[in-house]
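Please open the structure in your viewer and follow the stops below in order. Each stop says what to select and what is there.

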Amino acid sequence: MAVKPFKLALAGFSAVGLAALAACGEAPSDSNGGDNADASFLACMVTDSGGVDDKSFNESSWAGMEAAAKANDDIEVQVKESSSETDYDPNLQATVDDGCNFIVGVGGLMTENVNTIATANPDIPFATVDGFSEVENVYSIQFDTAQSAYLAGYVAAAQTKTGKVATWGGIQIPPVTIFMDGFAEGIAKHNEDKGTNVELLGWDEEAQTGTFINGFEDAAAGKSTSDTFITQGADILFPVAGPAGIGALTAASENDDVSAIWVDTDGFVSTEYGAEILTSAEKGLETAVKDAVDAAYKAANGGDAITGSYVGTLENGGVALAPFHDFDSAVSAETKAEIEALTQQIIDGTIVVESPASPAAS
Amino acid sequence: MSTDTKAPAADQPDAGETPEAKPSFMRLFGRYLTEANSVMVTIYSLILAFLIGAILLIVSDEYVRSTYTYFFARPQDALSASWYLVRDSYIALFEGAVLNLNTLDRFAAGTAEFGDLLRPLSETLTYATPLIFTGLAVGLAFRAGLFNIGAQGQMIFGMLGALIIGFSFSLPAVIHLPLAIIAGAIAGAAFGAVPGVLKATTGAHEVISSIMLNNIAGLFLVWAIGTGFLHSETKSDLITKPVDESAVMPKLLSGLSESLRVNWALPLGIAAAVFTWWLLSRSTFGFRIRAVGFNEHASATAGMRIGSTYVTTMAVAGGLAGLAGAALSLGVGSSGITTNTALEYGFDGITVALLGRANPGGIVAAAILFGALKAGALSAQPDVPVDISTLLQAIIVLFIAAPALVKAILHLRTPRGGLVTLEAKGW
């Protein structure tokens, strides 16, 4: 290859010139600006196949880990991602080899793998998110999201004009279907108490079958699913699909009389479609994981060992129905009072919201 | 790896035997090194890929990038930060794939078992195993001039076939395990034969039909896992029943440590490679495959039945990919498979076959290299971005598929027979 020396030199000079433009800054003073680099406590997390930026439970859990590290200079956090369940074992083993002081496995599918490695390493505290374990050194973090979804279902049934509301999910897994079960029961409660006949599209609690888009990423698929339900007459949408749920919000924004109920976080705050969001069925994953890391840190420094389980409920604030925000005036005082009463009845146990996906603990 | 182009060096005695022969051998060896023959192109592709990987590591690291903003004020910062980042990253990959130096220290101090020392190698071979099968599935079809993109779908059907036999019966392991493996191979072969039949009877191109069949298989898997027949009885997640104890691939080294996951699917993969080699170079059927691959019209004129060769080749390729599925559902996925278990092993098989130049020995070596990259990247998290392994694989294959690029970058000479590239016919 005969590249002319002149051309080569020209290319070289222009490359150096470009680099020089970017490289004229001042050198910083020598200081150690690492992130808690000499912390004594290392908390580690292994994601499930969604990866750490899944806009869903992996991301929320990681946010909790980072919040713990931010609040305490003595805590360092790290994450290992899995691309399938066959990666769980090597990733968990690697966290043990790395000398992690507290190891969080995210997702119910990982619980058995966490149990195995926790049994082999009885001195290290573990946690499983969205799973239940009976192993001594495994702390279970679960959420009875059926409770908040129940309230959401009741509100939806009270607010619908067409008598039809719709839900659809990302993938048919317990953390998703538990929302849909609770939502269905909330609607049934309204129908029973008020003599209404509100119909739920997209989920049959009895048969445990419904509409899923087989993923949490594809907002376009979420939108077309939502459009179908709108065509069928639904005016309130309840997408349980992480970021793909945005598709329901865009669909709602294109139809004046259609609104949506968000999950996991308060969608009025976390999305750009606050005007479409009637309310949200919140799940306090971030706080729960942060608290678990804090508790494990205290245990490592002479406190009580972290053991047993945590179930987020309406009672302890682990799950909640978000404020109505823009829809505050649209929801009648009567409905608000009924929601208050239902919340109280769920807390004192008069009403039990049951789903096949409900947390196994207690 | 192929040695066919070593001819100029081979007729010389070994270095150092006679004083006269030595410079001549060195000269020939030097010529060999600067020539774009298939061995050197492979080696240079690996080296170039790791160099580009190093640049990308530097560019993607926030801290190192920040040192470049004051490059002219204090260049040693940027240079040393880059050097340490690249060095530590590649050491971390090596430690995850071959030998962990920390574990070695602990072993020397007596706090680690010998089994712990083997864990990185075990992980490498575990991830390499499905790639051996899918690489062979693609490579065998290459030889017949067919581009089998459908290994992913064939593997998924193999996975389901082995799984169904695996959980439906409880038999003695000596009968159950082989039965489940064969079921996987048959399911993969049946699904693999479809593009072959379509090509033989209607002329539909196997690339198009096998890509589409991958989609069908992937969506079928999602549906099948949810059905009452396959779905786990104890979990409500999208996961199947586990296979019976008697159909689980026994671990190879469980005597040393339970955490060594490498199982009997690996020797099965080596055996499949030997079988493929025998099939291609020693059997009549293999002769037909290669003849059709070289020139289908000449083969037809010579009296070979082209259509049936396509069908059988695709069926055998599908069977090999089906074995990859069996290795997963009876091995690392024996506690139940999900929609993620198959990962992209079928598509990675294409790159493995390209790197191995559709030659069974080369495919095994390429599969182990890719397995090492995967295991290394997994263990090097979070210090090294986990995508680095996919990235390196992609760059390696880019160079392998375009030897002219390597030749141009490094100013290599054209070998006597011309540049070697692999290609599927029929475009």
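How many residues of chain B are in contact with chain A, and how many of chain A with chain B? This is a predicted model. Select both chains: 31 residues of chain B are in contact with 35 residues of chain A. On the chain B side, α10 and α16 (360–380) are the elements that give two or more residues to the surface touching chain A. That side of chain B divides by class into 14 nonpolar, twelve polar and five charged residues.

**Chain A: domains**

Hide chain B and colour chain A by its domain assignment. Domain 1 takes in 41–143 + 286–312, and domain 2 takes in 147–283 + 332–348. Their C-alpha centres lie 30 Å apart. Where the two meet, ten residues of domain 1 of chain A are in contact with seven residues of domain 2 of chain A. The domain 1 side of that contact has two nonpolar, five polar and three charged residues.

**Chain A: the parallel sheet**

Select β2, β1, β3, β4, β5 and β13 of chain A. In that order these six strands form an open sheet, and the pairing is parallel. Its edges are β2 (75–80) and β13 (309–312) of chain A, each paired on one side only. Averaged over the sheet and with direction ignored, neighbouring strands are turned by 15° against each other.

Now zoom to β1 (residues 41–46) and β3 (residues 102–106) of chain A, which pair in the parallel sense over four bridges. Pick A:Val46, whose bridge partner in β3(A) is A:Gly105. Then add helix α4 (residues 111–120) of chain A, which packs on this sheet and touches β3, β4 (126–129) and β5 (138–143) of chain A. The direction of α4 makes about 175° with that of β4(A).

**Chain A: the mixed sheet**

Select β7, β6, β10, β11, β12 and β14 of chain A. This is an open sheet of six strands, in the order just named, with mixed pairing. The edge strands, pairing on one side only, are β7 (199–201) and β14 (319–321) of chain A. Here neighbouring strands are turned by 20° against each other on average, direction ignored.

Within this sheet, look at β10 (residues 236–240) and β11 (residues 259–264) of chain A: they run parallel and are joined by two bridges. A:Leu237 stands opposite A:Ala260 in β11(A). Helix α7 (residues 219–231) of chain A packs on the sheet, in touch with β6 (164–169), β7 and β10 of chain A. The angle between the direction of α7 and that of β10(A) is about 150°.

**Chain A: a helix pair**

Next select α5 (residues 145–159) and α6 (residues 174–194) of chain A. How do their axes lie? They come within 6 Å and cross at roughly 45°; α5(A) and α6(A) are therefore oblique to each other. The crossing is right-handed. Show side chains along the contact: α5(A) contributes residues including A:Tyr150, A:Leu151 and A:Tyr154, and α6(A) residues including A:Ile178, A:Phe179 and A:Phe183. By class this contact has 14 nonpolar, seven polar and three charged residues.

**Chain B: a helix pair**

Switch to chain B and select α8 (residues 151–168) and α10 (residues 206–226). Their axes come within 7 Å and cross at roughly 30°. The two helices, α8(B) and α10(B), are therefore roughly parallel to each other, and α8(B) passes α10(B) in a left-handed crossing. On α8(B) the contact is made by B:Gln152, B:Gly153, B:Ile156, B:Phe157 and B:Leu160. Among the α10(B) residues that meet them are B:Leu213, B:Ile216 and B:Leu221. The contact of α8(B) with α10(B) has eight nonpolar, four polar and no charged residues.

**Chain B: two backbone details**

Most residues other than glycine have a negative phi, and most peptide bonds are trans. Two places in chain B are worth a look against that background. In the loop between α15 (345–355) and α16 of chain B, select B:Arg357. Phi of B:Arg357 is near 50°, a positive value in a residue other than glycine. Then move to the loop between α16 and α17 (388–401) of chain B, where B:Pro382 is found. The peptide bond from B:Gln381 to B:Pro382 is cis, with omega near -5°.

Terms used
Residues are numbered from 1 along each chain as its sequence is written. Chains are lettered from A and ligands numbered from 1 in the order in which they are written. This is a predicted model: local features need pLDDT of at least 70, side-chain atom pairs count only at pLDDT 80 or more; totals for chains, interfaces and linings use all residues. Axes are lines fitted to C-alpha atoms, for helices over the stretch in contact, and angles run from 0 to 180 degrees between N-to-C directions. Angles under 35 degrees count as roughly parallel, over 145 as roughly antiparallel, 65 to 115 as roughly perpendicular and the rest as oblique. A crossing is left-handed if the near helix is turned anticlockwise from the far one by less than a right angle, and right-handed if clockwise. Ala, Val, Leu, Ile, Met, Phe, Trp, Tyr, Cys and Pro count as nonpolar, Asp, Glu, Lys and Arg as charged, and the others, Gly among them, as polar. Two strands pair if DSSP finds at least two bridges between them. Domain bounds come from an automatic or database domain assignment.
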